[in-house]
Amino acid sequence: MNWSTLYEMQQQLDQYIEETHNLPKAANVKEKTLALLVELGELANETRCFKFWSLKGPSDRETILEEYVDGLHFLLSIGLDLEMRYQPQPLESYDQLTTGFLGTYAAIDAFQQSQDLPSYQAMFTSFLRLGQTLGFEEKGIMNAYYAKNEVNYQRQEEGY
């Protein structure tokens, strides 16, 4: 994964949003962390992995991937605000999606408590492991990120 490119693209989007909304730089880490939690919940809802009471299956793969990259946008943005970067490492899938979601929620909560580089790394790693468990590959994630990045600019221009 070309993390430098993704961080650069996210930095440009963040700067555009900050200028458009007259926001101080890096003033929204708590809000972005909450947004990441919300996006993770939306992702879980689309997979329906926890809905043991329902016979309805998950949303289509494209919808699930789009929700996934929504979370990736916030992970990158948080790193930029705190001048932290994800350092790639070998990943193992979670044994179950539910375990992956719970682990990622816990990692985000731990990050919120300390906001240091090890907790950022752990949060990012957990999120990537979740993506791997969902069966997403690097190229698909990158392409979905590029597409959603364009949508995010368009939304800003339309007063989203």
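A residue is called buried here when its relative accessible area is under 20%, exposed when it is over 50%, and partly exposed in between. Keep that scale in mind while we walk through this structure, which is a predicted model.

Let's start with leucine 37, which sits in helix α2. Its relative accessible area is 27%, so leucine 37 counts as partly exposed. Leaving aside residues up to four places away in sequence, leucine 37 touches Tyr105 and Ile108. If you look from leucine 37 to cysteine 49, 12 residues apart along the chain, you'll find their C-alpha atoms separated by 17 Å.

Now take in the whole of that helix. α2 covers residues 29-47, and at 1.5 Å a residue its 19 residues should span 27 Å; the end C-alpha atoms are 27 Å apart, so the expectation and the model agree. Plenty of α2 is tucked away: Val29, Lys32, Thr33, Ala35, Leu36, Glu39, Leu40, Leu43, Ala44, Glu46 and Thr47 are buried. And what lies over those buried residues? The cover includes α1 (3-20), α3 (61-81), α4 (97-114) and α5.

Step off the end of α2 and you meet arginine 48, in the loop between α2 and α3. Its backbone deserves a look. Most residues other than glycine have a negative phi. Arginine 48, which isn't a glycine, has a positive phi near 60°. Arginine 48 has 16% relative accessibility, and that is why it counts as buried.

A little further along that loop between α2 and α3 comes lysine 51. Is lysine 51 buried or exposed? With a relative accessible area of 18%, lysine 51 is buried. The side chain of lysine 51 makes a polar contact, at 2.8 Å, with the side chain of asparagine 45. You can also pair lysine 51 with threonine 98: they are 47 residues apart along the chain, and their C-alpha atoms are separated by 10.0 Å.

Back to the beginning of the chain for α1. Its 18 residues should span 26 Å at 1.5 Å a residue, and the end C-alpha atoms are 25 Å apart, so this helix agrees with expectation too. The buried residues of α1 are Trp3, Leu6, Tyr7, Met9, Gln10, Leu13, Asp14 and Glu18. Among the elements covering them are α2, α3, α5 and α6. So α2 helps cover the buried residues of α1, and α1 helps cover those of α2. Just after α1, asparagine 22 takes a positive phi of about 50°.

There's another positive phi in the loop between α3 and α4, where glutamate 83 lies. Glutamate 83 isn't a glycine, yet its phi is positive, at about 55°. What about its surroundings? At 73% relative accessibility, glutamate 83 counts as exposed, whereas arginine 48, at 16%, counts as buried.

Next, go to helix α6 and find two neighbours in sequence. Alanine 147 lies in this helix, and so does lysine 148. Alanine 147 has 42% relative accessibility and therefore counts as partly exposed. Lysine 148, at 4%, counts as buried. Which residues does lysine 148 touch, not counting those up to four places away in sequence? They are Glu66, Val69, Asp70, His73 and Arg155. Glutamate 66 turns up for alanine 147 as well: those two are 81 residues apart along the chain, and their C-alpha atoms are separated by 9.0 Å.

Finally, have a look at the second largest pocket, with a volume of about 210 Å³. Two elements, α5 (117-133) and α6 (138-157), each give two or more residues to its lining. Which element gives the most to that lining? That would be α5, with 3 residues. The lining has 14 residues, and Met1, Trp3, Leu91, Leu128 and Glu138 lie nearest the centre of the pocket. Trp3 is one you've already met, as one of the buried residues of α1. By class, the lining is made up of 9 nonpolar, 3 polar and 2 charged residues.

Key:
Residues numbered from 1 in each chain as written. Predicted model: local features only at pLDDT ≥ 70, side-chain atom pairs only at ≥ 80, totals over all residues. Heavy atoms only, no water. 1 Å grid on protein atoms, 1.4 Å probe; cavity = no way out; pocket = protein on both sides within 12 Å on 5 of 7 lines; lining within 4 Å. Points joined across faces, edges and corners; volume = space filled by probe spheres on them. Helix = DSSP H or I, 4+ residues; strand = E, 2+ residues; numbered from the N terminus. Nonpolar A, V, L, I, M, F, W, Y, C, P; charged D, E, K, R; others polar. Buried < 20%, exposed > 50% of the residue type's maximum accessible area, 1.4 Å probe, protein only. Expected span 1.5 Å × (residues − 1). Contact = heavy atoms within 4.5 Å. Polar contact = N/O pair within 3.5 Å; in protein donor to acceptor, adjacent residues only side chain to side chain.
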